[in-house]
Amino acid sequence: MICYPSIGGSGIVATELAVSLASRGHQVHLISTELPFRLSEYVAGVTFHRAQAPEYPVLHEPQYLIALANKTVQVARTFGLQLIHAHYAIPHAAAAYLARQILADRTPDAVPRVITTLHGTDITLLGSDPSYSETVAFCIDHSDGVTAVSESLRTDTYRELPVRSAIRVIPNFLDCALYRRVFDPVLRDRLSQSNRFEKLVVHVSNFRAVKRVEAVIEIFHRIRARVNARLLLVGNGPDRSAALDLARRLGLEWAVTAPGEQQNVISLLAVSDLFLLPSTQESFGLAALEAMGCEVPVVASRVGGLPEVIDDGMTGFLHEPGDLDGMAHSAIRLLTDEPLRERIVRNARTSVEQRFCAQRIVPQYEALYTELLERPSGDASVSASTEPAGVHAQPAESA
Ligand code: GMT
């Protein structure tokens, strides 16, 4: 499993998948530059390998792609890897492709299959950039299996890139036994004065422009005009200071708590009353799913894969990204109409249990792995002159 270690959905999904596969008896090797932040304790069956790119004065920047491919080759040789699963196409699909080419050249009888999982910004923001698009499309097409985390991302990939591979949609998932509401009254009292009927609104992200954290502040400002509430901003990233500046200018500084990155978001979600996600783009919206698992009602943008996660009016509320008044209106309804809030969170939790629990989704990855491994050797050809296995003239297949 190749992934980014830092806060962000693709690393979380890769880590949760590794842990889940290990609990089902597989041996998983996680390759990353740092210990992934959700792998906080020892897990039997998961081994971490650090890929390090040395610096050298001649190089303008560390050669991450080469170091990652190199580490993957070494791990494959030492542990006899059968599969390389790259999470986030840039540059992990390229590293996996390169590793497989090297292994095929030196040990043609033991060449692992390569799976690339597309997560979102690797396609919608970065991958489609003309500076990257040809290479990203080539590496995706030369994976033996390709998955996307939503139908929306699959459609975007075919629209944005000259990709011909069949892309299978395997949605993101949760450990439903962990992501649930266990209310901690002491923690809640620290974050808001519940004895004074103060509501707690939460946002969790990596504070990049696409998350629109300033819009979170603007919506919260509108909520505050009607409801006694505090805001909890969990995470860190480029837009954190701007968001806190805006809160200050609006006189809300005292009502906003921003503790930075947190390893355990479950306890924080489990004491919150409302989750805001006004992103400009979300290929899936794992943060929204985590909130729904913890019975926190979500108000979000109607973009990307969010409508595949949230059924508007049934399991949460969706609005156009520019409609901050609409988002504030739904938020105020959820914070003041208890029967509505109860209905939405009950539906949301049921939807998570029926559609997005690990035991429902992880077997879909296992089935894909098995399919790829059962293909006669040579099907998943690594020869540059042959068509990659799984390439179809028409984009078609779905899980
Ligand atoms: O953009 C982020 O928040 C990080 C990014 C990532 O890959 O780390 O998230 C993307 O992948 C997540 C996991 O599949 C999805 O839940 C997010 O919706 C997606 N982000 C965007 O599309 C903006």
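**Note on two sheets and a surface patch**

1. Tyr56 lies in the loop that runs between strand S2 (46-50) and helix H2 (64-79), in what is a predicted model. Because its relative accessibility is 54%, Tyr56 counts as exposed, the cut-off for that word being over 50%. Together with Val58 and Leu59, Tyr56 forms a nonpolar patch on the surface, and the accessible area of these residues together is about 320 Å².

2. One open sheet is built from four strands in the order S3-S4-S5-S6, and their pairing is parallel. Strand S3 (83-87) and strand S6 (167-169) are the edge strands, since each of them pairs on one side only, and the twist from one strand to the next averages 25°.

3. Within this sheet, strand S5 (residues 145-148) and S6 run parallel and are joined by three bridges, with Val146 standing opposite Ile167 in S6. Helix H15 (residues 358-374) packs on the sheet, where it touches S3, strand S4 (113-118), S5 and S6, and the direction of H15 makes about 145° with that of S4.

4. Another open sheet has six strands, which follow the order S9-S8-S7-S10-S11-S12 with parallel pairing. Its edge strands, each pairing on one side only, are strand S9 (256-260) and strand S12 (317-319), and here the twist averages 20° from one strand to the next.

5. In the six-stranded sheet, strand S7 (residues 199-205) runs parallel to strand S8 (residues 229-235), and seven bridges join them; Ser205 stands opposite Gly235 in S8. Helix H11 (residues 286-293) packs on this sheet, touching S7, strand S10 (274-277) and strand S11 (298-301), while the direction of H11 makes about 170° with that of S10.

Note on methods: Residues are numbered from 1 along each chain as its sequence is written. This is a predicted model: local features need pLDDT of at least 70, side-chain atom pairs count only at pLDDT 80 or more; totals for chains, interfaces and linings use all residues. Side-chain values use heavy atoms; hydrogens and water are left out. Patches are made of residues with over 30% relative accessible area and no salt bridge: like charges are joined within 9 Å, nonpolar side chains (Val, Leu, Ile, Met, Phe, Trp, Tyr) within 5 Å. Accessible areas come from the Shrake-Rupley method with a 1.4 Å probe; for residues, only the protein chains shown count as cover. A salt bridge is a side-chain nitrogen of Lys or Arg within 4 Å of a carboxyl oxygen of Asp or Glu. Buried means under 20% relative accessible area, exposed over 50%, partly exposed in between (1.4 Å probe, protein chains only). Two strands pair if DSSP finds at least two bridges between them. Axes are lines fitted to C-alpha atoms, for helices over the stretch in contact, and angles run from 0 to 180 degrees between N-to-C directions. Contact means heavy atoms within 4.5 Å.
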